[in-house]
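Here is a short report on one protein structure. Look at the model first, then read on with it beside you.

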Amino acid sequence: MLLLKLFFAFIQVGLFSVGGGYAAIPLIQEQIVNIYGMMTLEEFSDLITVAEMTPGPISINSATFVGMRIAGIPGVLICSIGCIIPSFCICLTLAHFYYKYRSVSGVQIVLGSLRPAVVALIASAGASILMLGLFQAELKEAALGNIRFVELGIFVIALWVLRKYKASAISIILGSGIVGTIIYALLGGYIK
């Protein structure tokens with residue numbers, strides 16, 4: 001029954017994550033954390049962090065990590081297949097119709113109207129990750145008293161270095177991980 005729930009959860013993620021991997025993060029959170037309660041928000045944020053650092057598409061990485069955490073190897077297979085099947089079928093169907101009707105102006109209008117929705121989904125995923133990182137809570141639960149100052153400092157410095165010096169994302173990720181580890185090792189654990 002658990003594998004069936006995982007399969008249907010990731011079928012929905014695969015169907016509705018228009019715009020790519022980052023658009024899938026809020027959908028995975030809704031299914032796995034909010035609806036089925038298979039993971040806590042903190043566990044989910046840790047898995048998403050690892051999935052973002054792992055090479056490959058974030059939606060498949062997330063499905064793989066969530067499946068492994070919840071049901072082991074069968075969960076990996078079920079979640080990954082569930083996430084891939086809708087995209088595979090939709091892409092085959094859309095490719096056929098797009099090549100047949102790409103010159104029709106209505107097709108271009110539909111594609112143009114999907115862009116704002118994709119931007120909104122990606123922005124929502126970014127805001128969720130930011131809130132989890134800085135407050136370890138969702139936006140509605142965030143309060144200034146719960147802010148994590150070490151994470152805020154690393155975020156601000158990383159953003160500044162990224163914008164000012166056009167540093168690569170890899171160096172920002174590695175540098176942030178090293179700085180955070182050193183700070184927590186020196187301060188003896190978690191500090192707010």
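## Salt bridges

A search of the whole structure finds two salt bridges. A salt bridge here is a side-chain nitrogen of Lys or Arg within 4 Å of a carboxyl oxygen of Asp or Glu. Side chains of opposite charge can pair when their charged atoms come close.

One bridge joins the side chains of Arg-69 and Glu-43, at 2.4 Å from N to O. This pair links distant parts of the chain: Arg-69 sits in helix 4 and Glu-43 in helix 3, 26 residues apart. Helices (H or I, at least four residues) are DSSP runs, numbered from the N terminus. Arg-69 is partly exposed, at 42% relative accessible area. Glu-43 is partly exposed too, at 27%. Buried means under 20% relative accessible area, exposed over 50%, and partly exposed in between (1.4 Å probe, protein chains only).

Arg-148 and Glu-151 also meet through their side chains in a salt bridge, at 2.9 Å from N to O. Both Arg-148 and Glu-151 are buried.

## How the model was read

This is a predicted model, where local features need pLDDT of at least 70, side-chain atom pairs count only at pLDDT 80 or more, and totals for chains, interfaces and linings use all residues. Residues are numbered from 1 along each chain as its sequence is written, and side-chain values use heavy atoms, with hydrogens and water left out.

## The nonpolar core

The largest nonpolar core has 23 residues. Such a core is a set of buried Ala, Val, Leu, Ile, Met, Phe, Trp, Tyr and Cys residues joined through side-chain atoms within 4.5 Å. Leu-6, Phe-10, Ile-28, Ile-32, Val-66 and Ile-70 touch the most other members. Five helices give two or more residues each: helix 1 (2-16), helix 2 (21-35), helix 3 (41-53), helix 4 (58-101) and helix 5 (105-135). Helix 4 gives the largest share, six residues.

Which residues does Leu-6 touch, not counting residues up to four places away in sequence? They are Ile-32, Met-38, Ile-70, Ala-71, Gly-75, Ile-78 and Cys-79. Contact means heavy atoms within 4.5 Å.

Ser-59 lies in helix 4. Ser-59 is buried, with a relative accessible area of 14%. Leaving aside neighbours within four places in sequence, Ser-59 is in contact with Gly-21, Ala-24, Ile-28 and Cys-83.

## A nonpolar surface patch

Val-18, Tyr-98, Tyr-99, Val-110, Leu-111 and Leu-114 make a nonpolar surface patch of about 550 Å². Patch residues have over 30% relative accessible area and no salt bridge; like charges are joined within 9 Å, nonpolar side chains (Val, Leu, Ile, Met, Phe, Trp, Tyr) within 5 Å. The areas come from the Shrake-Rupley method with a 1.4 Å probe, and for residues only the protein chains shown count as cover.

Helix 5 gives the most to this patch, with three residues. Leu-114 lies in helix 5, and Leu-114 is partly exposed, at 39%.

## Cysteines without a bond

How many disulfides does the structure hold? Zero. A disulfide is a pair of cysteine sulfur atoms within 2.5 Å. The sulfur of Cys-89 is 9.5 Å from the closest cysteine sulfur, in Cys-91, so the two are too far apart for a bond. Cys-89 is partly exposed, at 43%. Cys-91 counts as exposed, at 51% relative accessibility.

## A positive phi

Most residues other than glycine have a negative phi. Lys-166 has a positive phi, near 55°. Lys-166 is placed in the loop between helix 6 (149-165) and helix 7 (169-187). Lys-166 is exposed, with a relative accessible area of 65%.
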